[in-house]
Amino acid sequence: MSIGRYFHGEGIGDMRILRAAGRAAAPWSNGGGVTREIAVHPPGAGWDGFAWRVSLADVTRDGPYSPLPGVRRILTVVDGAGLELTVDGAPRLLPGRYRPFAFPGDAPTVSRLLDGPVVNLNVMLREGRAAATVEMVGGAWSPELEGRAADGGPGLASGSGLVGGPDSVGGPDSAGGLLVVALEGATRLTVRGESGVPGESGEAEVRLERFDAVWWTGSEALPDGLRTDGTVAVVRLSGHPLG
């Protein structure tokens, strides 16, 4: 089935293209920034009901994070000079970009900007219902060569964050799938299996602008390959398929 039933946007089979231009900005209650949701499960879930949530946040000033009991987080600075997170009293420096960092959402957390505003990629996971890995990838990539570039070069731009594992995956709401977010540079994605025209098969190319995303469930239209002259985030979510 097509994931178009769950996320709005262009699509080919089980693939949906989630354009950055279509996202609404939700201001923070403390005035420190805004959040733009990329994808959430179950569809339309609020803060109390999501199994997982992926978003981008524009952070404009220092301040505390809202506590999220029962939630694990992976935060990655994707624009700006970086920040320092103090989690449960322990400082963690995240200078520059593309350094995924996992931490518990219920721990007291304070953010300090190192040199001006930043944009963060946030992956939030309800404990016991979802798990994820986050990788920063440059050059060429494909699912068969996950963790290294398709041409044999390094696939990770900086590192990866991991939350959960077999013990924490499960429940009817934890949809599994693959989410790719373009962070900088020109990105082209090749998909085989459907041309996007009913009754025809072949190969389709998808071009992603900055902060555009592509989301898959199932295996009908998994990417044959991806190439970027910048960096993309590859978010692998573990769980049961939607349906």
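A salt bridge, as I use the term today, is a side-chain nitrogen of Lys or Arg within 4 Å of a carboxyl oxygen of Asp or Glu. Keep that in mind for Asp79 and Arg210, whose side chains meet in one, at 3.4 Å from N to O. What does this pair link? It links distant parts of the chain. Asp79 sits in strand β7, residues 71-79. Arg210 sits in the loop between β17 and β18. The two are 131 residues apart.

Before going on, a caution. This is a predicted model. Mean pLDDT for the chain is 78, and 72% of the residues score at least 70. Where is confidence highest, and where is it lowest? Strand β8, residues 82-87, is the high point, at 97. Strand β14, residues 156-163, is the low point, with a mean of 40.

Two stretches need care. Residues 1-8 stay under 50 in pLDDT. The model still has 28 contacts for them beyond four places in sequence. Residues 147-173 also stay under 50. For that stretch the model has 70 such contacts, again beyond four places in sequence.

Back to the salt bridges. How many does the structure hold? There are 7. I will show three.

You have seen Asp79 with Arg210. Are these two buried or exposed? Asp79 is partly exposed, at 29% relative accessibility. Arg210 is partly exposed too, at 38%.

Next, Arg19 and Asp212. Their side chains meet in a salt bridge at 2.7 Å, N to O. Arg19 lies in the loop between β2 (15-18) and β3 (26-27). Asp212 lies in the loop between β17 (203-208) and β18 (213-216). So the pair ties together parts that are 193 residues apart in sequence. Now look at accessibility. Arg19 has a relative accessible area of 28%, so it counts as partly exposed. Asp212 has 4%, so it counts as buried.

Notice the loop between β17 and β18. Asp212 is there. Arg210 is there as well.

Third, Arg207 and Glu205. They form a salt bridge, with the closest N and O atoms 3.4 Å apart. Arg207 is exposed, at 51% relative accessible area. Glu205 is partly exposed, at 48%. Why do the two get separate labels? Because the word exposed is kept for values over 50%. Arg207 has 51%, while Glu205 has 48%.

Now one arginine with another kind of partner. Arg53 is in strand β5, residues 52-59. Is Arg53 buried or exposed? Its relative accessibility is 11%, so it counts as buried, the cut-off being under 20%. Its side chain makes a polar contact of 3.1 Å with the side chain of Glu37. Which residues does Arg53 touch? Leaving out residues up to four places away in sequence, they are Thr35, Glu37, Ala39, Val40, Trp47, Asn122, Val123 and Met124.

Last, a sheet. Strands of a sheet pair through backbone hydrogen bonds, either parallel or antiparallel. Here, 4 strands form an open sheet, in the order β6-β11-β8-β9, and the pairing is antiparallel. Which are the edge strands? They are β6 (63-64) and β9 (90-95), each pairing on one side only. Between β8 and β9 there are 6 bridges. In that pair, Leu85 stands opposite Arg92 in β9. And β8 is the strand where confidence is highest in the chain.

To close, go back to the screen. Find Asp79 and Arg210. Then find Arg19 and Asp212. Finish on Arg53 and Glu37.

How values were computed. Residues numbered from 1 in each chain as written. Predicted model: local features only at pLDDT ≥ 70, side-chain atom pairs only at ≥ 80, totals over all residues. Heavy atoms only, no water. pLDDT = per-residue confidence, 0-100. Contact = heavy atoms within 4.5 Å. Buried < 20%, exposed > 50% of the residue type's maximum accessible area, 1.4 Å probe, protein only. Polar contact = N/O pair within 3.5 Å; in protein donor to acceptor, adjacent residues only side chain to side chain. Pairing = 2+ DSSP bridges.
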